[in-house]
Amino acid sequence: MEVRLAVPADLPQLKAVYQKIIRHMDENGVPIWDEVYPCALFAADVEARRLYILEKDGRIAGAFALCDSSAGAGCVEWKEPQAKAFYIDRLGVSVEHRREGLGSVLLHGAAELARAKGACWLRLFVVDINRPAMELYVKNGFQRAGGVYEEKIAEDMVLREFGFELGLCP
């Protein structure tokens, strides 16, 4: 299995995978994604060459976007805020492949890509109610940054997000 850059032909299958992920998250008390986010961003991610997928048995088993910035970056206390960093966004593992270690495979792939692009840090944000994701990040060596990013989604909806980071440089 290898992490590879997504292409436009991947979009229909990727959206189907994420629709199942969204349903699973909703059913398990983590209603943070919907019919718009993250799927509406995938085409732009592909065009910007920042969307990566992992295939297993010829099918998409997971994906993530690797971005050079994040709206919440200035809201938490990173260890080296001025150092070059990449941000993982929209990371998901297909419902059919849960508990197979593919989340870790995706994180290791993101770290290698970020390191190859000259970054010393790999960072991400996770909504405070997404305990399974936080456990995955900690298991893979990420540490929580101080502070909270409050992302206003709508007038009556604010997501509280924690920053996590992984050092990539010696």
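**Exercise 1. A bridge from R4**

With which residue does R4 form a salt bridge, and how far apart are the closest N and O atoms?

*Solution.* Start with the ground rules. This is a predicted model: local features need pLDDT of at least 70, side-chain atom pairs count only at pLDDT 80 or more, and totals for chains, interfaces and linings use all residues. Residues are numbered from 1 along each chain as its sequence is written, and side-chain values use heavy atoms, with hydrogens and water left out.

Step 1: apply the criterion. A salt bridge is a side-chain nitrogen of Lys or Arg within 4 Å of a carboxyl oxygen of Asp or Glu.

Step 2: find the partner. R4 pairs with E55, and the closest N and O atoms are 3.1 Å apart.

Step 3: place both ends. R4 sits in strand β1 (residues 3-5) and E55 in strand β2 (residues 51-56), so the bridge ties together parts 51 residues apart in sequence. Helices (H or I, at least four residues) and strands (E, at least two) are DSSP runs, numbered from the N terminus.

Step 4: check exposure. Buried means under 20% relative accessible area, exposed over 50%, partly exposed in between (1.4 Å probe, protein chains only). R4 is partly exposed at 28%. E55 is partly exposed at 30%.

**Exercise 2. Other salt bridges**

Find how many salt bridges the whole structure holds, then describe those of K56 and R160.

*Solution.* Step 1: the search of the whole structure gives eleven salt bridges.

Step 2: take K56. Its side chain meets that of E100 at 2.6 Å, N to O. K56 is in strand β2 and E100 in the loop between β4 (85-93) and α3, so this pair ties together parts 44 residues apart in sequence.

Step 3: take R160. Its side chain meets that of D128 at 3.3 Å, N to O. R160 lies in strand β8, D128 in the loop between β5 and α4 (131-139), and they are 32 residues apart. R160 is partly exposed, at 35% relative accessible area.

Step 4: look for a network. Salt bridges link D45, R50, D89 and R90.

**Exercise 3. The cysteines**

Which cysteines does a disulfide join, and why is C67 too far from C39 for a bond?

*Solution.* Step 1: set the cut-off. A disulfide is a pair of cysteine sulfur atoms within 2.5 Å.

Step 2: search. The whole structure yields one disulfide. C120 and C169 form it, with S to S at 2.0 Å. The link is left-handed, with -85° about the S-S bond.

Step 3: locate the ends. C120 is in the loop between α3 (102-116) and β5, C169 in the segment after β8, 49 residues apart. Both are partly exposed: C120 at 25%, C169 at 36%.

Step 4: test C67. Its closest cysteine sulfur, in C39, is 15 Å away, so no bond can form. C39 is buried at 7% relative accessible area. C67 is buried at 8%.

**Exercise 4. Partners of β8**

List strands that pair with β8 (residues 157-167), and name one bridge partner for each.

*Solution.* Step 1: two strands pair if DSSP finds at least two bridges between them.

Step 2: β5 (residues 121-127) pairs antiparallel with β8 over seven bridges. In β8, G167 is the partner of W121.

Step 3: β6 (residues 143-144) runs antiparallel to β8, joined by two bridges. Q143 has E165 as its partner in β8.

Step 4: β7 (residues 149-154) pairs antiparallel with β8 over five bridges. E150 stands opposite R160. A hairpin of two residues joins β7 to β8.
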